Amino acid sequence: MRDVDPRDLVETVREGLLVLDPDLTIRFANRSFCDTFAVAPQDAVGRKLHEIGNGQWDMPELRAALATIVSSGTSIEAFEVDQLFPPLGRRVMALDARKIRRPGDETQQILLAIDDVTERVRLEREHAIAGERIDILLQELTHRVKNSLQIIAAMVSIEARMQSSGEGQAALERVSHRINALGHLYSKLSKAGTVEAVDAASYLDELCRDLIASVHQEGGTSIVLETDIESELLPTDRAIPIGLIVNELVTNAVKFAFPGDTKGTVLVTLKRAPGELRLTVADDGLGLDPQRADSGLGGRLVESFAQQLGGQLIRQSDGRGTTVRLILPSREGA
């Protein structure tokens, strides 16, 4: 490198380079600077930076920043200027500058590097605008899905009330509850302004309370709901099966654990443990009846959703009630 002329190096870089005196007089301008800003070397060297061209470099904020370098010895990095440079048009420049010393007499000067980032900034802005448009479209889609699910659930409920068969009515009611569980999720996503994740505490608590409320509307007022759900951000692809699992388990407890007007409590908890999430739905009812009248579809759905989530399902049931635990690997521990 001793045999390499430094001027040959600075003439090969694509950034514009200037060497300035403390009063901002240009002492050197490389070829890239002159070509980019259409200025001849003889029209730049010996003149102050803010005097060249048509005054487009006369920027108070830039002059103040360069003055700080001279007075305090600090450097500036990625100092962005957005300026009209005739005949180039509007350009965005990223400037780096630092104090240097000339060998021999220790004269202090400023090395200013100028990188034209106009195209990069344009692409970043277009990307941001496109992202905002996509978010708006997804939110609108979420809102429409929520409304569609509410309409479908209402239609199923109407059909259920028209059924003469008790089993047919119960089956349609369970379908309506499953649709409503999805509707609750999309309602939460719509209110949160996102389609990526939902807070477990608000989503599952509201879902459970609506299920209990529907029982009360049907005349059953003896079941109490207790929830202890941690605020956990659930990605949408996990929130859907978890919500449906909770819907099935709470519905099973409400329908089968407390026959007649039996009083009881349904408890729903979601707790974080190292590397996992633990969902529990428990009741203090009569326990599982192997001869119960339902088809068992709900149980199969729970097992299928648990498998989809990569979780472990544990059931315990006796005369003191039923407890179902779902242990899920957390995304951090997966």
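Leaving out residues within four places in sequence, His-50 has Gly-55, Trp-57, Asp-58 and Arg-63 as its contacts. The model is a predicted one. His-50 sits in the loop that runs between helix 3 (41–44) and helix 4 (60–72). Although it is a loop residue, His-50 has a relative accessibility of 16% and counts as buried, because the limit for that class is under 20%.

**Overall make-up**

The protein has nine helices and 12 strands. Of its 334 residues, 39% are buried. Taking the contacts between residues at least 6 apart in sequence, 57% join residues at least 24 apart.

**A buried asparagine**

A second loop residue is Asn-30, placed between strand 2 (26–29) and helix 2 (31–36). Its relative accessible area is 0%, so Asn-30 is buried. The side chain of Asn-30 reaches into the helix that follows the loop: the backbone nitrogen of Phe-33 is 3.0 Å away. When residues up to four places away in sequence are not counted, Asn-30 touches Val-10, Glu-11, Val-13, Glu-15, Gly-16 and Leu-17.

**Nonpolar cores**

In soluble globular proteins, nonpolar side chains tend to be buried together. The largest nonpolar core here has 40 residues, and the members that touch the most others are Leu-204, Ile-245, Val-250, Val-268 and Leu-279. Helices and strands both contribute to this core: at least two residues each come from helix 6 (166–192), helix 7 (200–217), strand 7 (223–229), helix 8, strand 9 (264–273), strand 10 (276–283), helix 9 and strand 12 (321–329). Helix 8 gives the largest share, 10 residues. Apart from this core lies another, with 27 residues, including Leu-18, Ile-52, Leu-112 and Ile-114.

Helix 8 spans residues 236–257, 22 residues in total. From its first C-alpha to its last, helix 8 reaches 30 Å, close to the 32 Å expected at 1.5 Å a residue. Of these 22 residues, 18 are buried, so helix 8 is largely enclosed by the rest of the structure. Ile-245, one of the core members with the most contacts to other members, lies within the residue range of helix 8. Beyond its neighbours within four places in sequence, Ile-245 is in contact with Leu-279, Val-302, Phe-305, Ala-306, Leu-309 and Leu-326.

**Salt bridges**

The structure holds 16 salt bridges. Three of them are listed with the distance between the closest N and O atoms.

| Pair | Closest N and O atoms |
|---|---|
| Glu-276 and Arg-278 | 2.5 Å |
| Arg-315 and Glu-303 | 3.3 Å |
| Asp-318 and Arg-320 | 3.3 Å |

What does the salt bridge of Arg-315 and Glu-303 tie together? Arg-315 belongs to strand 11 (residues 312–318) and Glu-303 to helix 9 (residues 297–308), so the pair ties together parts that are 12 residues apart in sequence. Both partners are partly exposed: Arg-315 has a relative accessibility of 39%, and Glu-303 has a relative accessible area of 43%.

The other two pairs in the table join partners from separate exposure classes. Glu-276 is buried at 18% relative accessibility, whereas Arg-278 is partly exposed at 42%. Asp-318 is partly exposed at 37% relative accessibility, while Arg-320 is exposed with a relative accessible area of 69%. Elsewhere, salt bridges link Asp-82, Arg-90 and Arg-125 in a network.

**Cysteines**

How many disulfides does the structure hold? The number is zero. Two of its cysteines are nonetheless buried: Cys-34 has a relative accessible area of 7%, and Cys-208 has a relative accessibility of 0%.

Definitions and conventions
Residues are numbered from 1 along each chain as its sequence is written. This is a predicted model: local features need pLDDT of at least 70, side-chain atom pairs count only at pLDDT 80 or more; totals for chains, interfaces and linings use all residues. Side-chain values use heavy atoms; hydrogens and water are left out. A disulfide is a pair of cysteine sulfur atoms within 2.5 Å. Buried means under 20% relative accessible area, exposed over 50%, partly exposed in between (1.4 Å probe, protein chains only). Helices (H or I, at least four residues) and strands (E, at least two) are DSSP runs, numbered from the N terminus. Contact means heavy atoms within 4.5 Å. A salt bridge is a side-chain nitrogen of Lys or Arg within 4 Å of a carboxyl oxygen of Asp or Glu. The expected span of a helix is 1.5 Å times one less than its number of residues. A nonpolar core is a set of buried Ala, Val, Leu, Ile, Met, Phe, Trp, Tyr and Cys residues joined through side-chain atoms within 4.5 Å. A polar contact is a pair of N or O atoms within 3.5 Å; within protein, one must be able to donate a hydrogen and the other to accept it, and residues adjacent in sequence count only if both atoms are side-chain atoms.
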